[in-house]
Amino acid sequence: LLERDYALSTGSLGDFLDRWAARGVEQILNKDDSGYPAYLGARLASFYERAGRVRCLGSPEREGSVSIVGAVSPPGGDFSDPVTAATLGIVQVFWGLDKKLAQRKHFPSVNWLVSYSKYARLLDDHYDRHFPEFVALRTRAKEILQEEEDLAEIVQLVGKASLAELDKITLEVAKLLKDDFLQQNGHAPYDRYCPFYKTVGILQNIIAFYDLARHSVETTAHSENRLTWAIIRDNLGDVLYKLSAMKFKVRDPR
């Protein structure tokens with residue numbers, strides 16, 4: 001907290017908080033038996049409540065902040081673990097790391113379906129002023145990813161070819177979102193940082209393609225010249241490539 005009092009904005013990573021809590025229990029009980037004290041949640045809350053933005057005492061007038069990121073590794077990925085459950089009841093943002101994503105070399109390996117932020121609505125006014133389309137785009141992207149997750153089980157049972165054309169579009173656009181929007185390469189200059197206008201632009205183009213593809217399939221469903229996802233993919237291959245390549249574009253600093 002010394003850096004905060006010097007009017008600096010600092011970040012603190014609390015790693016393996018579950019092991020820290022377990023060690024505290026062993027010291028209290030003086031044995032290795034399982035079990036957590038009733039005040040576990042209060043102890044964790046007293047740790048996280050150190051985070052925040054403050055106006056420092058004394059002069060000159062100054063402000064500082066501390067951001068805390070706590071890492072918890074529940075055994076077997078069990079979110080009902082006492083330390084994990086108590087932590088989720090305190091924090092306002094949760095990043096759920098996914099082992100399967102890491103094994104597929106998808107980084108950051110943050111599961112987009114279980115992760116959440118309770119600050120999302122607090123920022124809506126800011127987005128409405130500067131990027132009014134972003135909130136709706138974010139909602140649509142989350143819906144597409146959720147639909148893709150629901151379709152995954154069907155694909156495993158009957159295969160992708162048996163799906164309806166609209167469902168095939170959902171799967172392909174979800175793949176664009178996962179591989180070309182959410183996945184990042186921290187070692188590449190084009191992907192290490194992403195200005196927000198670029199984030200909104202990429203998302204806007206992907207969602208626009210999704211809406212237009214669905215509209216084309218729906219409006220020709222009962223006509224002789226019926227459009228399918230295969231026809232759209234074969235004729236708009238260059239568009240799909242440009243959608244995938246948007247992340248590689250970097251604004252010239254000059």
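## A three-stranded sheet and a buried methionine

In this predicted model, the chain's secondary structure comes to 12 helices and five strands. Let's begin with some whole-chain values, gathered here for quick reference.

| Property of the chain | Value |
|---|---|
| Buried share of the 254 residues | 29% |
| Share of contacts joining residues at least 24 apart, among those between residues at least 6 apart in sequence | 61% |
| Exposed area | about 17,000 Å² |
| Share of the exposed area supplied by carbon and sulfur atoms | 54% |

Now to the strands. Three of them form an open sheet in the order 1-3-2, and the pairing is mixed. Its edges are strand 1 (9-14) and strand 2 (52-55), each of which pairs on one side only. On average, neighbouring strands of this sheet are turned by 20° against each other, with direction ignored. Strand 3 covers residues 63-70 and runs parallel to strand 1, with six bridges joining the two. If you would like a spot to look at in the viewer, try S12: its bridge partner in strand 3 is I68.

Further along the chain, M246 is worth a visit. This residue lies in the segment after helix 12 (237-245). Is M246 buried or exposed? M246 counts as buried because its relative accessibility is 12%, and the cut-off for buried is under 20%. Which residues does M246 touch, leaving aside neighbours within four places in sequence? Its contacts are K198, I202, N205 and I206. You can also check a C-alpha separation here: M246 and Y190 are 56 residues apart along the chain, and their C-alpha atoms are separated by 10.0 Å.

Key
Residues numbered from 1 in each chain as written. Predicted model: local features only at pLDDT ≥ 70, side-chain atom pairs only at ≥ 80, totals over all residues. Heavy atoms only, no water. Pairing = 2+ DSSP bridges. Helix = DSSP H or I, 4+ residues; strand = E, 2+ residues; numbered from the N terminus. Axes fitted to C-alpha atoms, helices over the stretch in contact; angles between N-to-C directions. Buried < 20%, exposed > 50% of the residue type's maximum accessible area, 1.4 Å probe, protein only. Contact = heavy atoms within 4.5 Å. Areas by Shrake-Rupley, 256 points an atom, 1.4 Å probe, with all protein chains shown as cover.
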